[in-house]
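I set out to keep a short notebook on a structure that is new to me. The entries below record what I looked up and what I found.

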Amino acid sequence: FLTCAYFVFLFRYLISYLFSCPCLRSFVNYEVKEDVAVIRMNDPNSKVNTLSVQMQTEMTEVFNEVLANNAVQSAVLISSKPGCFIAGADINMIQACKTAEEVTKLSQEGQKMFERIENSPKPIVAAINGSCLGGGLEFAIACQYRVATKSKKTVLGTPEVMLGLLPGAGGTQRLPKMVGIPGAFDMMLTGKNIRADKAKKMGLVHQLVDPLGPGLKSPEERTIEYLEEVAIQCAKDIVNKKIALTRKKGLMQKAQDYVLGIEFVRQQIYKTVTGKVMKMSKGLYPAPLKIIETVKAGLEQGPDSGYLAEAQNFGKLAMTSESNALIGLYHGQVACKKNRFGVPERPVKNLAILGAGLMGAGIAQVTVDKGINTILKDTMVDGLSRGQQQVYKGFNDKTKKKTITSFERDSILSSLTGQLDYKGFEKVDMVIEAVFEDLNIKHKVIKEVEAVISPHCIFATNTSALPIKDIAAASKRPEKVIGMHYFSPVDKMQLLEIITTDKTSKDTTASAVAVGLKQGKVIIVVGDGPGFYTTRCLAPMLAEAVRVLQEGVDPKKLDALTTGFGFPVGAATLADEVGIDVAAHVAEDLGKAFGSRFGGGNVEVLKTMVEKGFKGRKSGKGCYVYTPGLKSKDVNPDLEDLLEKYKLAANPSVSSDSDVQFRLVSRFVNEAVMCLQEGILNGPVEGDIGAVFGLGFPPCLGGPFRFVDTFGADKLVEKMRRFEHVYGNQFTPCQLLLDHAKDSNKRFQN
Amino acid sequence: MASMLMNPLRSCPPVNAAWAVQYATRSLSTSVHLHAQVQTKSKKTLAKPGVKNIVLVDGVRTPFLTSGTTYADLMPHDLARAALQGLLHRTSLPKDAVDYVIYGTVIQEVKTSNVAREASLGAGFSDKIPCHTVTMACISSNVAMTTGAGMIAAGQCDAIVAGGVEFMSDVPIRHSRKMRKTMLALNRAKTLGQRLSLIGSIRMAHLTPELPAVAEFSTAETMGHSADRLAAAFGVSRLEQDEFALRSHTLAKQAQDSGLLSDVISFKVPGRDMVSKDNGIRPSSMEQLAKLKPAFIKPHGTVTAANSSFLTDGASAVLIMSEEKALAMGYKPKAYLRDFVYVSQDPKDQLLLGPTYGTPKVLERAGLTMNDIDVFEFHEAFAGQIMANLKAMDSDWFAQTYMGRKTKVGTPPMEKFNLWGGSLSLGHPFGATGCRLVTTVAHRLQKEGGQYGLVAACAAGGQGHAMVIEAYPQ
């Protein structure tokens with residue numbers, strides 16, 4: 001009897017060994033705790049989990065075993081990675097497909113897998129800690145129950161729309177049922193991240209778990225363990241019927257369901273949402289419209305049509321140039337969040353900013369909450385006080401939105417020192433000056449600062465057009481001088497353009513990039529020259545915009561033409577935002593540097609505007625009149641008279657709406673390509689990222705370089721030649737562009 | 001409890017430390033339990049040359065009552081006054097014989113914000129005695145005592161009354177900030193028109209009151225919630241917490257029944273009956289405790305109403321003197337107050353770990369080891385908090401990662417730990433608990449014949465306190 005029992009034991013051990021051997025599977029594993037299967041995901045090759053082919057294959061295997069295992073009553077799905085549940089589908093898997101049909105097939109496989117999860121006779125609890133996005137969210141909502149940690153890292157969302165796609169594994173069909181039609185549209189059309197507490201309120205997760213502090217293990221490790229314990233208990237309680245899966249609906253919920261049950265109301269919702277999308281996207285982005293269409297198909301024609309529409313539309317979207325462009329930007333952004341210059345010799349712990357204006361205060365705001373002691377120095381009490389208020393307001397707004405507590409705000413601001421003198425500058429590791437754009441002032445400042453700082457301290461200058469080598473000319477240590485061009489408003493604009501001169505040391509660059517990355521910026525590092533990269537691309541476009549105005553197109557029409565091409569902000573509005581005085585200054589400077597190629601509109605138009613006090617939004621008047629508190633704006637009536645004085649006759653052969661658009665865009669693009677040709681740019685990726693994130697180049701086109709690839713260099717050159725014929729050398733295509741036009745195999749991006 | 005059975009045996013107190021060793025050695029043959037007492041101490045006494053000896057002459061407290069019961073109609077200073085009068089009575093102290101009165105309190109009644117002064121005047125102390133009030137959450141009366149000790153050590157005073165009071169039956173509930181602003185503006189309004197327009201500006205939202213919460217200002221987290229997270233972080237189970245809570249209530253009941261809680265004075269509450277016993281001691285069963293639902297983290301939390309300390313009304317008072325003064329006045333002190341420390345940590349994730357951080361620090365300061373301590377009195381805020389602290393003290397990893405120590409602190413043996421109940425069962429009037437802990441250590445040292453005792457407590461704000469107490473040679 002004993003031997004028999006021993007053999008049974010041995011046999012079982014062998015079987016269980018065979019089935020749970022970790023060497024067989026490296027992405028997904030499971031362990032049975034009492035009668036709950038704990039399925040753990042952990043991509044061994046990455047910091048995040050994605051629904052890659054291997055992950056899916058192993059998941060299916062594990063799921064089959066769990067279903068077949070009689071000792072298992074329920075399951076918990078959890079990630080072993082501290083900051084990530086599943087970050088989404090594997091983009092490369094989609095990009096590897098050549099046809100829409102292939103992508104549709106991928107989608108259908110995903111749909112099938114999640115349908116099995118949804119219909120699983122054994123309840124599955126998704127235990128979410130960290131990002132649960134895209135395909136990860138679709139997986140989670142196919143499970144019977146969701147528990148999430150209240151950690152700041154835990155975010156749920158469907159960001160597919162930002163990649164020009166739609167949730168293609170049942171998301172468009174399940175979300176409306178789960179969070180209601182308006183909530184589902186909001187999630188899928190904006191792609192925004194939803195924090196755990198909000199997700200609970202929306203009905204996206206059932207239960208929340210608090211993140212834990214130090215205990216007998218590290219907080220991260222123990223928090224995952226705790227989440228698992230709670231999820232296991234939930235799984236057991238579902239089996240014991242202590243937790244009911246059908247939730248009692250509140251009165252509001254019932255009322256909403258009733259209203260949305262009326263077809264007329266639903267039609268109205270589709271109409272309103274479509275209207276909003278068209279207004280926002282100008283119809284340039286196909287994904288949001290397809291999302292609406294797909295949701296509609298499911299709700300109006302039943303799930304079969306819905307799932308089919310989802311898979312087919314997913315396939316179609318994956319083949320669009322817009323999706324390709326957006327995915328390109330995503331990859332570019334990831335690349336520009338890395339420091340290719342290595343680790344700096346000493347980290348910047350103390351930083352000083354000169355000038356508490358909009359820029360200076362903005363830089364302070366993005367620095368002070370990153371554990372860097374920040375000095376904000378100005379020469380005037382009023383200016384300093386205004387700047388400090390700006391920083392305070394930035395953080396106070398966050399407390400109002402409850403992203404930080406008032407205590408965190410106070411604690412962050414305790415690292416900010418406002419002062420009028422150079423006290424404490426000897427301890428500073430980096431100085432960023434954001435004083436007035438005047439070479440003499442910058443020289444004065446650099447000399448003053450170098451007298452008080454220690455030898456290792458880096459001097460960064462925030463300028464939008466002055467060549468860094470000219471500024472560095474006043475420095476005793478040009479290897480420590482670098483340009484850091486921030487974009488206004490600093491806390492909102494993601495881009496930072498870092499400019500190095502021939503003399504800037506590699507360590508100085510590494511340090512500047514490290515600071516920029518800490519500040520949360522997407523960074524391009526470019527060579528020195530008038531206007532560097534971004535300003536240099538923008539200037540010809542604005543010069544062309546002035547000419548268009550002079551030719552009698554009114555600002556509203558100009559804005560409509562540019563936004564119609566995909567720019568988020570119209571050219572006239574952009575000029576007002578940048579400041580007419582700045583635009584005039586830049587136009588004049590770059591005009592001197594580059595000559596007639598930067599001509600077009602008359603600089604005097606801008607100068608006269610400045611003289612009359614039309615400096616843009618900051619002065620209340622520019623191309624438009626701004627009334628505080630009012631969102632709508634009217635065209636500045638005085639501008640018309642002014643333009644009348646500088647009126648140019650429009651040549652009808654190059655003045656159609658489309659021609660005007662291409663006149664504006666081709667000058668931008670040509671200058672960008674020239675920057676690559678001259679070595680100002682390190683590569684097309686940085687060029688695209690800089691143009692989109694710094695200047696609002698249409699994201700659906702993916703940036704000037706990708707635009708040349710998709711539109712065709714030859715076609716662009718052809719248009720430019722036509723404009724060149726009328727206007728001259730401002731439209732002469734640069735050599736690199738001509739090379740690409742000649743050889744259609746040449747491409748900037750893959 | 002074995003130790004209690006031994007009490008009669010030890011009730012004839014040793015005359016001096018040397019005698020204590022002899023006495024203990026002699027009993028070695030008769031009792032295995034007493035073996036612990038035989039261990040030679042690291043130090044014979046903690047007296048330091050050139051440093052004044054500070055003694056606890058005596059300590060008393062009002063009965064601790066669940067808030068909203070017999071004390072409901074009083075005010076905080078009434079309770080403090082009762083404790084002071086009790087102390088006067090117990091020590092026969094002349095009403096002008098102390099130099100200073102210090103009280104600790106947490107939730108302040110605005111009318112008596114210096115509650116020490118109001119209580120002292122009301123208790124009949126001379127109006128020439130200055131008084132002040134201190135606050136440091138649950139260790140407020142510890143601060144009152146150590147402040148007094150500091151004044152004596154500095155040679156500024158010879159005799160101090162320290163105490164603490166908390167009155168949770170009535171707390172200041174305020175008008176909303178909007179309403180307060182309007183009312184203050186109304187005060188300054190000059191014309192009828194101005195007044196009417198201000199009154200007219202009052203909306204429903206103005207009438208929402210502001211309630212005080214036992215929550216951290218910095219994190220907005222209630223203490224129970226934090227305790228539940230702490231328990232989870234250290235893997236303290238619901239069962240462990242319920243067991244510890246039951247232990248506390250059982251021991252408190254035994255102590256109460258056998259008359260060990262001699263610091264409690266009787267208090268005739270105006271318009272009500274005479275109160276002479278704590279009323280929150282409720283030994284229950286594990287089954288009963290298991291039935292309760294979590295009070296803070298729902299539905300999966302482990303901290304319940306039964307394994308947390310409850311809202312309590314109560315006051316305490318101690319008489320502290322320099323040794324010479326006490327002897328000159330003919331007192332026989334109960335204990336020496338020796339080294340003490342205050343510690344503080346992260347108020348979010350380590351809110352209640354004060355004892356873990358304070359214990360090794362004060363022991364090192366005193367030159368003692370865990371084995372030297374005969375009596376442990378830790379403040380029991382939550383059963384989960386005590387268990388978490390015990391686990392933290394038992395963890396090398398925690399000591400190395402968070403405390404910068406090479407090895408773990410070590411845990412107090414349970415047979416020396418909170419043997420007469422604790423805050424979970426006796427009650428926890430925030431401001432008054434510290435004096436109860438110190439007095440209890442002194443009394444237990446006398447009863448159990450030990451030499452050194454240790455008080456440790458956690459407090460809101462992520463702070464903590466620990467103090468070493470040495471028995472006064474009898």
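The entries that follow go through salt bridges, surface patches, contacts and unusual backbone geometry.

**Entry 1: the model.** I note at the outset that this is a predicted model.

**Entry 2: salt bridges in helix 9 of chain A.** I began with charged pairs, on the general ground that side chains of opposite charge can pair when their charged atoms come close. The count comes to 63 salt bridges over all chains. I looked up Arg222(A) and found a salt bridge between its side chain and that of Glu225(A), with an N to O distance of 2.7 Å. Both residues belong to helix 9 of chain A, which covers residues 219–239. They are 3 residues apart, about one turn of the helix. Arg222(A) also meets the side chain of Glu229(A) in a salt bridge, at 2.9 Å from N to O.

I then asked whether Arg222(A) is buried or exposed. Arg222(A) counts as buried because its relative accessible area is 6%, and buried means under 20%. Glu225(A) is partly exposed, at 26% relative accessible area. Glu229(A) is likewise recorded as partly exposed, with 40% relative accessibility.

**Entry 3: a salt bridge between two loops of chain B.** I looked up Arg174(B) and found a salt bridge with Glu210(B), in which the closest N and O atoms are 3.2 Å apart. Arg174(B) sits in the loop between strand 5 (159–166) and helix 8 (177–188), and Glu210(B) in the loop between helix 9 (192–200) and helix 10 (223–233), so the pair ties together parts of chain B that are 36 residues apart in sequence. Arg174(B) is partly exposed, with a relative accessible area of 45%. Glu210(B) is partly exposed as well, with a value of 30%.

**Entry 4: a network in chain A.** I also recorded a network of salt bridges that links Glu544(A), Arg547(A), Glu551(A), Arg663(A) and Arg667(A).

**Entry 5: surface patches.** I turned next to the surface. Asp554(A), Glu640(A), Asp641(A) and Glu644(A) form a negative surface patch. From this patch I looked up Glu644(A), which is part of helix 26 (residues 637–645) of chain A. Glu644(A) counts as exposed because its relative accessible area is 52%, and the cut-off for exposed is over 50%.

A nonpolar patch on the surface consists of Tyr258(A), Val259(A), Ile262(A) and Phe264(A), which together have about 440 Å² of accessible area. Ile262(A) lies in the loop between helix 10 (251–260) and helix 11 (263–281) of chain A. Ile262(A) is partly exposed, at 34% relative accessibility.

**Entry 6: contacts of Leu439(A) and Ser201(B).** Which residues touch Leu439(A), leaving aside its neighbours within four places in sequence? I found Leu466(A), Asp470(A) and Ile471(A). Leu439(A) belongs to helix 18 (residues 439–452) of chain A and is partly exposed, at 29% relative accessible area. Leu439(A) and Leu466(A) are 27 residues apart in sequence, while their C-alpha atoms are 7.4 Å apart in space.

In chain B, I looked up Ser201(B), which lies in the loop between helix 9 and helix 10. Ser201(B) is partly exposed, with a relative accessible area of 31%. Beyond its neighbours within four places in sequence, Ser201(B) is in contact with Thr182(B) and His206(B). From Ser201(B) to Met179(B) the C-alpha distance is 9.7 Å, and the two are 22 residues apart in sequence.

**Entry 7: backbone geometry.** I closed with the backbone, bearing in mind that most residues other than glycine have a negative phi, and most peptide bonds are trans. The peptide bond from Ser488(A) to Pro489(A) is cis, with omega near -10°. Pro489(A) lies in the loop between strand 16 (481–486) and strand 17 (495–500) of chain A. The bond from Lys298(B) to Pro299(B) is also cis, with omega near 0°. Pro299(B) lies in the loop between helix 12 (286–291) and strand 8 (312–322) of chain B.

Lys282(A) is not a glycine, yet has a positive phi of about 55°. Lys282(A) lies in the loop between helix 11 and helix 12 (286–301) of chain A and is partly exposed, at 44% relative accessibility. Phe532(A), also not a glycine, has a positive phi of about 50°. Phe532(A) is placed in the loop between strand 18 (522–527) and helix 21 (534–550) of chain A. With 0% relative accessibility, Phe532(A) counts as buried.

Terms used
Residues numbered from 1 in each chain as written. Chains lettered and ligands numbered in written order. Predicted model: local features only at pLDDT ≥ 70, side-chain atom pairs only at ≥ 80, totals over all residues. Heavy atoms only, no water. Patch = residues over 30% accessible without salt bridge, like charges linked within 9 Å, V, L, I, M, F, W, Y side chains within 5 Å. Areas by Shrake-Rupley, 256 points an atom, 1.4 Å probe, with all protein chains shown as cover. Salt bridge = Lys/Arg side-chain N within 4 Å of Asp/Glu carboxyl O. Lys, Arg positive; Asp, Glu negative; His and termini not counted. Charge placed at Lys NZ, Arg CZ, Asp CG, Glu CD. Helix = DSSP H or I, 4+ residues; strand = E, 2+ residues; numbered from the N terminus. Buried < 20%, exposed > 50% of the residue type's maximum accessible area, 1.4 Å probe, protein only. Contact = heavy atoms within 4.5 Å.
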